[in-house]
Amino acid sequence: KKKKRMQGLQAALGLGGEGGAPAAPAKPAGQLTQNVDLSDIVDKNQGQCLNQSKEHVWTNILDSSSSYLESDCDEQLMIFVPFRNAVKLNSMSIKTTKGSNGPKAIRLYVNNENMDFSSPDNVPDTQSLTLKASDVESGAVVPLKFVKFQNVSSITVFVESNQGGEETTIIQQLKFLGSEVSGGSNMKGFKRVAGEKGEVHG
């Protein structure tokens, strides 16, 4: 009976295990970090890419096939990725078929739907990244500044340069990892203000 009373007291004090060692505290539900591929909730109909070749378009990067996205007249790409529901992002992954053609310097912009190639000169990015050749060859998961990606309805990826200074940039797969926002906005009714935006290069 004495042993049972001690066990009950330990439970009340949040103690457990041999010798009354503190039990590991459970994380509050809001602090749990999910790392789910969000490709399935990208709204392909509303997304677009500036400076993509006609043969290798941006929607190719949303699946695991051997198809890919390739830039057209130079190495830069402006990829607009809208989600059907608001999301939280904690990381991303970019994979290429050729290391030297893979993205190197990229800038990310949250909830900014009407960007072209002149925008980065005037619009501050949410986060900028410099990727290594090994990152894009293996499709490594690259952490994002989670606090800046809390209520994301769309993300724009500006590829500024590639690994080898090649004439074109190639992306085989692009993934954003995170979770849907509970009770977040449904973006099915979202419409881009602009149609085909002008591809103005600086």
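What pattern does the protein follow, read along the sequence? It goes α-β-β-β-β-β-β-α-β-β-β-β. That comes to two helices and 10 strands. Before going on: this is a predicted model.

Some totals next. The protein has 202 residues, and 44% of them are buried. It exposes about 11,100 Å², with 48% of that supplied by carbon and sulfur atoms. On contacts, take the ones between residues at least 6 apart in sequence: 78% of these join residues at least 24 apart.

Now the interior. In soluble globular proteins, nonpolar side chains tend to be buried together. Here, the largest nonpolar core has 32 residues. The members that touch the most other members are Ile79, Phe83, Leu89 and Met92. Which elements give two or more residues to this core? They are β4, residues 77-95, then β5, 105-110, β8, 152-159, and β10, 173-180. β4 gives the most, with eight residues. Apart from this core lies another one, of six residues, including Met78, Tyr109, Met115 and Phe158.

Last, one residue up close: leucine 89. I leave aside its neighbours within four places in sequence. What remains in contact with leucine 89 is this set. On the lower-numbered side there are Leu38 and Phe83. Then come Leu144, Phe146, Phe149, Val152 and Ile155. The list finishes with Phe176, Leu177 and Gly178. To tie that back, Leu89 and Phe83 are both among the four members of the 32-residue core that touch the most other members, and the two are in contact with each other.

How values were computed
Residues are numbered from 1 along each chain as its sequence is written. This is a predicted model: local features need pLDDT of at least 70, side-chain atom pairs count only at pLDDT 80 or more; totals for chains, interfaces and linings use all residues. Side-chain values use heavy atoms; hydrogens and water are left out. A nonpolar core is a set of buried Ala, Val, Leu, Ile, Met, Phe, Trp, Tyr and Cys residues joined through side-chain atoms within 4.5 Å. Buried means under 20% relative accessible area, exposed over 50%, partly exposed in between (1.4 Å probe, protein chains only). Helices (H or I, at least four residues) and strands (E, at least two) are DSSP runs, numbered from the N terminus. Contact means heavy atoms within 4.5 Å. Accessible areas come from the Shrake-Rupley method with a 1.4 Å probe; for residues, only the protein chains shown count as cover.
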